[in-house]
Structure formats: structure tokens, C-alpha cells
Amino acid sequence: MRLARYLLVSIVWSASLVVAAPRAGTTEMVTVDSTLQLDLYEVTNEQIAAFLNDVGNRRVKGVAHVEMTSGHVLLEEKDGVFQPKPDAAKHPAVEVSFAGAKAYCEWAGKRLPTEAEWLMACEGPEHLTFPWGHHLRIARPEALRRANIFGDVDGFLRTAPVGSFPHGRSVYGVWDMGGNVWEWAISESGQPRLRGGSWINGKTLAQCSKSNDMGSSHSYIKGNSVGLRCAQ
Ligand SMILES: [Ca+2]
């Protein structure tokens with residue numbers, strides 16, 4: 001029994017040594033537990049531009065990593081070089097496909113989180129409704145500092161620069177898990193899912209437990225509000 005345990009510990013320890021370090025410029029992560037680190041912020045336009053400049057805006061099954069033809073995309077391409085639109089460098093990337101999100105995370109030396117991991121990082125051990133607690137009372141001034149959701153009473157009509165809501169951090173210190181942009185995650189059965197709500201959705205979809213996909217008929221979910229955050 002002791003030998004088996006020793007071997008198990010050795011294997012886990014050895015495995016931990018071969019985990020790749022995140023790529024430069026993508027290193028800000030939070031330790032959620034011994035098995036999970038999560039990006040501190042949603043992936044920004046600055047970061048996704050560096051990725052596209054390195055590997056190109058590839059298409060997977062006809063879908064581009066980033067939909068550059070969208071009027072809502074926050075990147076521009078000049079002479080073959082991708083760059084954030086003016087003042088958008090620190091805003092979260094949008095119009096990112098699931099394949100694009102997966103490819104970005106792998107490029108960064110990371111991976112997409114599972115839905116279970118995402119949920120754990122959002123609700124914490126106390127199973128909070130929102131990353132910061134159980135309530136978002138929009139009528140109260142402090143609520144405006146929790147999350148970027150529909151409308152401009154929170155200060156942002158569209159995306160907000162990542163890290164704009166210090167009172168909206170999860171118990172692990174992760175920023176913007178509620179609102180701003182939807183974040184890609186992988187379901188238990190390996191399917192693409194979206195978590196966290198966005199600037200174009202109300203507070204209900206900013207709840208940790210809510211899970212959606214691009215085909216959802218009961219909410220307004222489009223590429224202009226879909227981004228990502230990586231795990232490791
Ligand atoms: Ca807003």
C-alpha cells in the first residue's frame with residue numbers, strides 16, 4: 001500500500017515537472033487548487049493579436065479563429081499584421097471561435113478549462129451565485145462595480161478593459177468571470193460551452209451556474225460577446 005502510494009506521488013510529481021510554462025505575455029494566472037490555474041483576466045486583444053501574428057488566422061471547418069469580417073471585432077489587420085483597434089488592447093478579445101480559443105490556449109502553453117473547473121473557480125467552496133457573492137442589486141451603487149453587463153449604468157456600453165471591476169473578483173481573485181465577455185469552456189462530454197454572461201446580457205446569465213452555447217434560443221448570444229480565458 002505504501003509502495004503504491006509512493007509510486008502514485010512520484011508519478012504525479014514527475015508529471016508536474018513536464019507541464020509547459022505559459023508563453024511570455026500570457027503568464028498572469030491564479031492558483032485555484034493544486035490541479036488548476038486559471039488566467040487572472042480574460043484574454044485581451046493584445047494577446048490574441050500576438051497569437052494571430054504567430055500562427056495566422058486559420059480556419060477550422062470553415063470557421064476562422066477570429067471572425068475578422070465582423071464589424072464588432074476589436075482587431076484590425078494592416079499589411080498582414082494583426083493589431084488591436086485604437087484603445088482596445090486591454091479589452092477582451094471577441095469574435096473568437098471555439099477552435100480559435102482552443103488554439104490560442106495551446107499556443108500560450110495552456111488549455112481551455114472544463115465547465116466543472118470554470119464553475120469551481122467562479123463559485124468557490126461556498127457555492128456563490130455570482131463570483132463575488134450571492135447578489136447583484138443593480139439599484140445599489142456598489143453593484144455597478146461588480147460586473148459589466150447589459151446597459152451602461154456600470155460605466156461600459158460594450159466591452160470593458162479587463163480588470164475594471166475590483167469588487168467583482170471571485171474568491172480566488174479571478175477578474176470578470178461575471179459579465180464582460182462569454183468564456184469558452186469544455187463540457188463533461190467534450191462539447192463547446194459558454195460561461196459567465198457578457199456585456200450584452202443581463203445579470204442572470206452572469207451567474208456562475210449558467211451555461212450556454214452559440215445556438216441558445218433563450219438568450220442573446222453572438223460572436224461580438226464571445227471571448228475566452230485559459231487554464232493550466
Ligand atoms: Ca455594461
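These are my notebook entries on a predicted model, covering its overall make-up, one sheet, three helices and two loop residues.

**Entry 1, overall make-up.** I began with the whole chain and found four helices and 10 strands, which follow one another along the sequence as α-β-β-α-β-β-β-β-α-α-β-β-β-β. Of the 232 residues, 42% count as buried. I also looked up how far apart in sequence the contacting residues are: among contacts with a separation of 6 or more, 65% are between residues 24 or more positions apart.

**Entry 2, the sheet with strands 7 to 10.** I then traced an open sheet of four strands, whose order is 9-8-7-10 and whose pairing is mixed. Its edge strands are strand 9 and strand 10 (226–227), each of which pairs on one side only.

Going through the pairs one by one, I noted that strand 7 (residues 182–186) and strand 8 (residues 192–195) run antiparallel and are joined by four bridges, with A185 having R193 in strand 8 as its bridge partner. These two strands make a hairpin with five residues between them, and in that turn G190 has a positive phi of about 85 degrees.

Strand 8 is also joined to strand 9 (residues 211–212) by two bridges, again in an antiparallel arrangement, and here R195 stands opposite S211. The parallel pairing is that of strand 7 with strand 10, which also rests on two bridges; in it, E183 stands opposite G227 of strand 10.

**Entry 3, what lies against the sheet.** I looked next for helices in contact with these strands. Helix 4 (residues 115–123) lies across strand 7, strand 8 and strand 9, and runs at about 130 degrees to strand 7. Helix 3 (residues 98–107) has F98, G100, A101, K102, Y104 and C105 as its buried residues, and what covers them includes helix 2 (45–55), strand 7 and strand 8. Just after helix 3 I found G109 with a positive phi of about 80 degrees.

**Entry 4, helix 2.** Which residues of helix 2 are buried? I listed N45, Q47, I48, A49, A50, F51 and L52, and these pack against strand 5 (75–78), strand 6 (81–84) and helix 3. The residue that follows helix 2 is G56, and its phi is positive, near 90 degrees.

**Entry 5, R111.** I turned to the loop between helix 3 and helix 4, where R111 lies. Is R111 buried, exposed or partly exposed? I count R111 as partly exposed because it has 14 other C-beta atoms within 10 Å, whereas 20 or more would make a residue buried and 12 or fewer would make it exposed. Setting aside neighbours within four places in sequence, I found R111 in contact with C105, E106, C230, A231 and Q232. I also checked R111 against R229, which is 118 residues away along the chain, and their C-alpha atoms are separated by 9.1 Å.

**Entry 6, G173.** My last residue was G173, in the loop between helix 4 and strand 7. I record G173 as exposed because 12 other C-beta atoms lie within 10 Å, and the limit for an exposed residue is 12 or fewer. I compared the position of G173 with that of P131, from which it is 42 residues away in sequence, and noted a C-alpha to C-alpha distance of 9.3 Å.

How values were computed
Residues numbered from 1 in each chain as written. Predicted model: local features only at pLDDT ≥ 70, side-chain atom pairs only at ≥ 80, totals over all residues. Pairing = 2+ DSSP bridges. Contact = placed C-beta atoms within 7 Å. Axes fitted to C-alpha atoms, helices over the stretch in contact; angles between N-to-C directions.
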